[in-house]
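The questions below go through selected sheets and one chain interface, and each answer closes on the item that was asked for.

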Amino acid sequence: MARILLVEDNEMNRDMLSRRLQRKGYEVTMAVDGRQGVDMARSGGYDLILMDMSLPEIDGWEATRQLRAAPETRTVPIIALTAHAMAGDRDKALEAGCNDYDTKPIELPRLLGKIEALLPAKP
Amino acid sequence: MSAPSLRSALLALSNRIAEAQDEEAVCRAVVESLCHEAFGFDGVGLYLAGSTAFEPALRASAGAFAAGERTRAELKLPLRVEQSAIGEVVVQRAGSRGGAFEQGDLEILAAAANQAGIAIGRTRLLAADRQRIAEQRALLATLADLSGQLELDRLLQAVLERAVTLLDVSGGELAIVDEASHQLVIVASHNMGTNAIGTRMELGEGAMGHVAQTHEPLIIPHYQQWASRSAQYAHSAIQTVMAAPLLIGDRLVGAIASVHSDPARTFGQGEMRQLNLFAAQAAVAIENARLYSDARSRATEQQALLDTLSDLSGELELDKLLRTVLERAVTLLDVTGGELAIYDESTKDLLIVASHNMETDATGTRMALGEGAMGRVAETLQPLVIPRYQEWEGHSAKYERSSIQSVMAGPLLIGNRLVGAIASVHADASREFGDTDLRRLMMFAPQAAIAIENARLFTAERRRAREQQALLDTMQDLSGELELGRVLGRVLERAVSLLGVTGGELATYDESRKDLLIVASHNLETNAVGVRMALGEGAMGRVAQTHEPLIIPRYQEWVGHSTKYERGSIQSVMAAPLLIGTRLVGAIASVHSDPSRQFGPEDLRLLQLFAPQAAIAIENARLYAAAQQYFESLMRNNPVAIVNVDLDGRITSCNPAFERLFGYRDADVIGRNLDQLVTTEETLGEAQAYTDRAMQGGSVTGGIGRRRRKDGSIVDVEIASVPITVAGERVGMIGLYHDISELLQARRDAEAANETKSRFLASTSHELRTPLNAILGYSEMLVEQATEDGHAEYLADLGKIHSAGQHLLSVINDILDLSKIEAGKMELYLETFELRPLVDEVATTVRPLVEKRGNRLDVVAADGLGTMHGDKTRLRQVLLNLLSNASKFTEAGTITLAVEREGAEMLFRVVDTGIGMTPDQMSRLFEAFSQADATIASKYGGTGLGLTISRLFCRMMGGDVTVQSTPGAGSTFTVRLPATTRAEDEQASWPAVGTPRAGTVLVVDDDPSVRNLLGRFLSREGFQVETAADGATGLRRAREVVPDVITLDVLMPEMDGWAVLTELKRDPRLGSIPVIMLTVVDDKPTGFALGVAEYLTKPIERNRLAGVLSKYAAAARQVLLVEDDAGTRRVLRRALEQEGWNVVEAANGRAGLERLAEHRPGLVLLDLVMPEMDGFEFLDELRRSGSAGGSGVPVVVLTGKDLTEEDRRRLNGGVARVVQKRDRGPEALLADVRELIAARPASR
């Protein structure tokens, strides 16, 4: 069972997405801001991180950079989620070290495709 | 001695003597002929007595003749002329010859002497004849000479001199008879020591008196002993005298004497004969001259007249001429005095113009026709003699008690036209006028008339010329003056001086008030400047109204006279309107305050000549003043700061706006350097460079800059500079400053506002999407949950929630897109992608939607659509939009998505068989928030923004969306997009247009206009053009594309052209690329020193540049094919040429090196195994020669050889690539080469 860390500050979105992912069979852990997200990710045990970009404390880009700098989280796949549809957001996210990028509102099948593509092949 | 030779010698002797022309020649002929060896004489001599001395002298000799030589035998024979001996011939024979003479010798000598005598006689006769002929000739010459000489005194002297010369005497005298006193008067003397001219002699006195008395010539051999000799010459050197009378028939005219002072000379009969002959001729000549002299004295009168006329005709100064004519007449007529009057045609009377030696000088007096003597003759046109003037009934009152006794007057006429009259008077009662006087007067008068008339015409001409000059001066004067006030003053002054009047006034016409305003007054008692006059009022008002000039002879009596001059001194007035064509400009008046002066037609004519010039000058000045005023007002009231600077950048003037903008007062800045005045340290250099550019520029130079105010504050200005050129010479510049601080602030504000809006949109978008995210997510989740739990009754409502959320999302997305596009914030994400997968993906996405309404979706796309460079997401969005639209408006029909490549464009067509649109609907189709029909939104849904956004996206990518539709039949939307979309802001790369690929050019220039210009132009010329805006980019692009040619600007920020050039040359891969400098900096030496190929200065001559580039690019696109197998060469050549390469072939390494030296190719294809010089040697040579032609040329080795380790070592570093020929067909090889060439820039 893949373990996903969902870093999202909006409670409703956090609740909705976590429940939908859990329904699809993922084990979802939640963090409410960037700092908590980084701390939890570094404590280990996650196969993939879904990272909202507009976060309090430290934002998603900074959090991603920190995770990429830390040896224990350097290779964990990160998918950036943002409500900004501005061009450049995508580049900014990839530049910060995200593996992929998706926009809100979430289209669940599309997101699931991206998650599956990034998860390590199951044994 | 043979007889024939003797005979021939004798014959020769006879012939020579006969041929001799004179005595001398005869003598020589005799002696030389006798010396002939046939005669056997040793010496011959000839003695001859001359005409002057009797004693014979040796005249000629020949051979070894020695007079008195005793060792020789001599034979002598006399020479005779008509029996008298005149000399002798002597022959000598030396003793050695036997000495003795024989009879034969005597006969020979006798014959010679006889012939010589005859010959000498003949020549002497001939000489005498010649002398006579010479005398005759001399006489003839004398006569011819003398006959031409009619001046008696000079004739007499000439006659005497001739005689002295003719007779070859020492001197002579000539006397003529004074008929009155019957004495001789010596009139000519030549070389006599004593000049006796004027001496009178009685007949019989002296030699000449003697011959005059006897009428016979006389020779006095010993003059000093002669009893009747003249006392005057008693002790003179005169030895002998010969004198002759000068007679015409029996009448004595005079006498001539000739003397010898040399005692050796005597007079003979020959001389006497000559003198007689001469005397006769001289007498005739002298008589002729005397007759002529008489005739001439009769002609003296005529001569005097001639003199008068020739004199007078040269005299054109009328006053002087008139006086001179009168003086001449008085002299000629030998009278006491006279008067001359000329006829005035305008007044029909006579005006006395000259008076000579009269008691009363009446010059200036006018006389009516018939009045006085001159008036009478002027009336009758006949001369008149009044013997007793004081008794004459018509005598003039002014001479009543004068001394005038008699008067002779005559009219001066040219033909029948009266010019004037002349009168001459005798104050001497004993003198009377006779016929001779009348005749003289009649001869004199017409000539005088003509002279006077000529002078009058001339004077009139000259006056006209003077007037023209004065007018010309006036015009020049006035044309140089543009200030209206001064022009008016000048015009009036000129008029007053031109007309010689007391003073005048000038008025200009006021078009708006329809009246005259007096603007200038000169030398009048009342200065009326500023006074207005109605048309018709006063003299000027009158002429302004009538447009005709006017003379008012008695101003004070004139009905229209102005009240302001009522008691003035003005006597007469002449006024004229100032007109340009028929347009009234003003009026001018001139006045005489001298009652004796009157305006005449001449004055009027002059004023009329003057008036138009003055009118034009005034009008010009008015126009100029108006223009000046206009300009002043423009400067003064212009909100733009305007400053004038001279060539040195110093301020010459500025306007109030300038003062306001910079805070300086006009007076503070004049003479200051503009750039230093309004700049800071940082901006001074920029401002000076700008000023320099503007000064040199041809027209307006513009820019934006920051300038400093007086208080130190900074102001943003837009600057425009206009160079000022006067008469082809740059004199300075006008600078215009427009304060754009507010404008810039407004722009910054607008930008900030826009930024705020963008931020607002972004955050709103975020704020809206987040709850939407939840709505959509939860509704989807609930659908799943309800399905799982079997609550089917909720599904429809949950679906509605989800659908509404989706709609809201698409509205938000569309509004966001539109706002971003309109704010210029929408950016394209350009990438290269395969088209087919995209088309399939779009079809898959939209298919459910299409099929929901019973439609069929057809996708028409050929295999191998290839790739496209553009924004994939936006393209997908556009296609989905069009397809979903199509499905909305079509039911149970077909929707087709057709994709095809058309040239450099991709075409996407969405065709439906739906309801279609009317033209009116189509016209509003792409407008934001407007659907084809307002009711459509409610029926079909949609935001109405989709098409608007689609079109904007397509346009951003360089394409468009168009529509065709038939109502009820369906619509076709066509999307056209370039297969390669370029970034919007700068096109860095320009693909070659058309098939001939000329090569790749890298343009390095910081000026975007140059890059664009060259990109556009050179790509049309078949070049692939890459551009770079600065040196660093240029170097990077050069390394990336390795162009065939580089053009390089010198002046670039950061890294200038020289630095780029140095860097290029340092890079082994780039060093060999020809660099063409393209710059305004003309520094060819530096360029060539740094290794540039060509140096072109801006402005760019495009065709020249294209030519130069082609040359270098063609060289770069040359392949040198070094291969020994002709078949392989042929195959490769064909393939390479198809790729646009020029191929040069060489059959071995050596030939390859030769070709390389001729032309540096872009690439070498090298076989290794070749005869003569193989590939290895070729490469070694190439490396050794270093820069000699081949350095840097990439070499590709084509070989069938299995390369050993040693081979590879030898090739190492020298080649770009090795291609194995082995086991590969020609097609495969070609494909390899093609690939190599395609990749050439990168592998170069």
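Q: How many bridges join strand 32 of chain B to strand 34 of chain B?
A: This is a predicted model, in which local features need pLDDT of at least 70 and side-chain atom pairs count only at pLDDT 80 or more, while totals for chains, interfaces and linings use all residues. Residues are numbered from 1 along each chain as its sequence is written, chains are lettered from A and ligands numbered from 1 in the order in which they are written, and side-chain values use heavy atoms, with hydrogens and water left out. Strands are DSSP runs of E with at least two residues, helices are runs of H or I with at least four, both numbered from the N terminus, and two strands pair if DSSP finds at least two bridges between them. Strand 32 (residues 905-912) and strand 34 (residues 970-978) of chain B run antiparallel, and the number of bridges joining them is seven.

Q: Which residue of strand 34 of chain B is the bridge partner of B:Arg909?
A: Strands 32 and 34 of chain B belong to an open sheet of five strands with mixed pairing, in the order 29-31-32-34-33. Its edge strands, each pairing on one side only, are strand 29 (856-861) and strand 33 (960-966) of chain B. Within strand 34 of chain B, the partner of B:Arg909 is B:Thr974.

Q: At about what angle does helix 19 of chain B run to strand 29 of chain B?
A: Axes are lines fitted to C-alpha atoms, for helices over the stretch in contact (heavy atoms within 4.5 Å), and angles run from 0 to 180 degrees between N-to-C directions. Helix 20 (residues 872-888) of chain B lies across strands 29, 31, 32 and 34 of chain B and runs at about 20° to strand 32 of chain B. Helix 19 (residues 835-852) of chain B lies across strands 29, 31 and 32 of chain B, and its angle to strand 29 of chain B is about 170°.

Q: Which three residues supply 28% of the area that chain B buries against chain A?
A: Buried area is the accessible area (1.4 Å probe) that two parts lose on being put together, summed over both. Between chain B and chain A this area is about 2100 Å², with 54% given by carbon and sulfur atoms. The three residues of chain B that supply 28% of what chain B buries, more than any other three, are B:Asn773, B:Tyr778 and B:Met781.

Q: Which helix of chain B gives the largest share of the side that touches chain A?
A: The count between the two chains is five salt bridges, each a side-chain nitrogen of Lys or Arg within 4 Å of a carboxyl oxygen of Asp or Glu. One of them joins B:Glu784 to A:Arg23, with the closest N and O atoms 3.5 Å apart. The elements giving two or more residues to this side of chain B are helix 17 (741-789) and helix 18 (792-822). The largest share, 16 residues, comes from helix 17 of chain B.

Q: Which residue of strand 38 of chain B is the bridge partner of B:Leu1002?
A: A further open sheet in chain B has six strands in the order 35-37-36-38-39-40, with mixed pairing. In it, strand 36 (residues 999-1004) and strand 38 (residues 1045-1048) of chain B run parallel and are joined by four bridges. The partner of B:Leu1002 in strand 38 of chain B is B:Ile1046.
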